[in-house]
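Biologist: Before we talk about this protein, could you put the model up so that we can both look at it and go through it question by question?

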Amino acid sequence: MSAPAGRRHVSVDGRRVCHRVDGDGPPVLLLHGIGRTLRDFTELHELLAGRFRVHSVDLPGYGGSLPMARPCTLPALGEFAAHYLDAVGVEEPAHVVGNSLGGAVAMRLAASEPARVASLTLVNSAGFGREVTIALRLLALRPLGRLLLRPTRWAARRAELSLFHDPALATAERVAHALAVARQPYAARVMLETARSLGTFRGVSPQWREDLLAEMERLDVPTLVVWGDRDLILPAAHLDAARSRLPRARTHLFADCGHMPQIECAEEFHRLLVDFWAEAGAEAAGR
């Protein structure tokens, strides 16, 4: 898959990575979810680029990025995020925004290298509960998981519809993009590696969640956690768990919104995010 207009490639750990970089100002890193690509941040990327240096990146093995030389696990993805920042020359702390799996990757980066993270924004993030859509739990079953990942237009459309409260957002163009991504020769393998490292048929595994949240509780990183109240992938009840485990975090629930507030509530999310960063910066300056 070639990089669409506005996107280019960079080498990270000797592997080709697809990314998009625009704007000037404080650095921002946008991390997508499992089976997804940087395209999920197009709207937010473009809204932020007027005031920030915005980096959207395809995680290894997704979209236009080649897989890592090792299995695609959460620790490996956290290291990748740090190495990506090195590769593109980001030396100052970045505002890191992660959706779904990308939220867990953002937390892993912050826990491992807190000096690299100016703030965390967790968008319908993995890591706060066991419950997850049956479509992802079935991937843990062999050989059913690989059969379910056979790329078809019907499956791509069904997956897109599951992401949004408003079905009109599952456009023909989004479905075509999802199908092209699913047809990558390594797509199914990387998806299965990722899913099976994070959970089983019973749901998201508790051990990595507990370990990661215990590390997060000790961090002093400004954190915003948001959710869509109609999320079919990771239920909005996980926002209560986030409030319990991260009591200093700011939270927000978007009404009539699914798994991707950055698309479905783009303008509102953008305003919320910029205000959060401004407040976090003011608090840091006042210390």
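Modeller: This is a predicted model, and one place to begin is with F254, which is buried, and F269, which is buried as well.

Biologist: Which parts of the chain does the pair of F254 and F269 tie together?
Modeller: The two rings form an aromatic pair with 5.9 Å from centre to centre and 90° between the planes, which makes the pair edge-to-face. Because F254 belongs to strand β10 (residues 250-254) and F269 to helix α12 (residues 266-285), the pair ties together parts 15 residues apart in sequence, namely β10 and α12.

Biologist: How many aromatic pairs does a search of the whole structure find, and what is the geometry of F128 and W227?
Modeller: The search of the whole structure finds 4 aromatic pairs. One of them joins F128 and W227, with 6.4 Å centre to centre and 70° between the planes; since planes over 60 degrees apart count as edge-to-face, the geometry of F128 and W227 is edge-to-face.

Biologist: Where in the chain do F128 and W227 lie, and are they buried or exposed?
Modeller: F128 is in the loop between β6 (117-123) and α4 (134-137), while W227 is in strand β9 (residues 223-228), so that the pair links distant parts of the chain, 99 residues apart. As for their surroundings, both F128 and W227 are buried.

Biologist: Which strands of the open sheet are left with one side lacking a neighbour, and why?
Modeller: The open sheet is formed by 8 strands in the order β1-β2-β4-β3-β5-β6-β9-β10, with mixed pairing. The strands at its edges each have a single partner strand, so one side of each is without a neighbour in the sheet, and these are β1 (8-12) and β10.

Biologist: In β4, which residue is the bridge partner of L31?
Modeller: Strand β3 (residues 27-31) and strand β4 (residues 53-57) run parallel and are joined by 5 bridges. In β4, the bridge partner of L31 is V57.

Biologist: What angle does the direction of α12 make with that of β10?
Modeller: Helix α12 packs on the sheet, where it touches β3, β5, β6, β9 and β10. The direction of α12 makes an angle with that of β10 of about 175°.

Biologist: How much of residues 26-264 is helix and how much is strand?
Modeller: In an unreviewed UniProt entry, residues 26-264 carry the feature "domain: AB hydrolase-1". The end C-alpha atoms of this span lie 25 Å apart, and its make-up is 42% helix and 16% strand.

Notes. Residues are numbered from 1 along each chain as its sequence is written. This is a predicted model: local features need pLDDT of at least 70, side-chain atom pairs count only at pLDDT 80 or more; totals for chains, interfaces and linings use all residues. Side-chain values use heavy atoms; hydrogens and water are left out. Rings of Phe, Tyr and Trp (its six-membered ring) pair if their centres lie within 6.5 Å; planes under 30 degrees apart count as stacked, over 60 as edge-to-face and the rest as tilted. Helices (H or I, at least four residues) and strands (E, at least two) are DSSP runs, numbered from the N terminus. Buried means under 20% relative accessible area, exposed over 50%, partly exposed in between (1.4 Å probe, protein chains only). UniProt positions are given in the numbering used here, feature names are shortened, and annotations may be inferred rather than shown by experiment. Two strands pair if DSSP finds at least two bridges between them. Contact means heavy atoms within 4.5 Å. Axes are lines fitted to C-alpha atoms, for helices over the stretch in contact, and angles run from 0 to 180 degrees between N-to-C directions.
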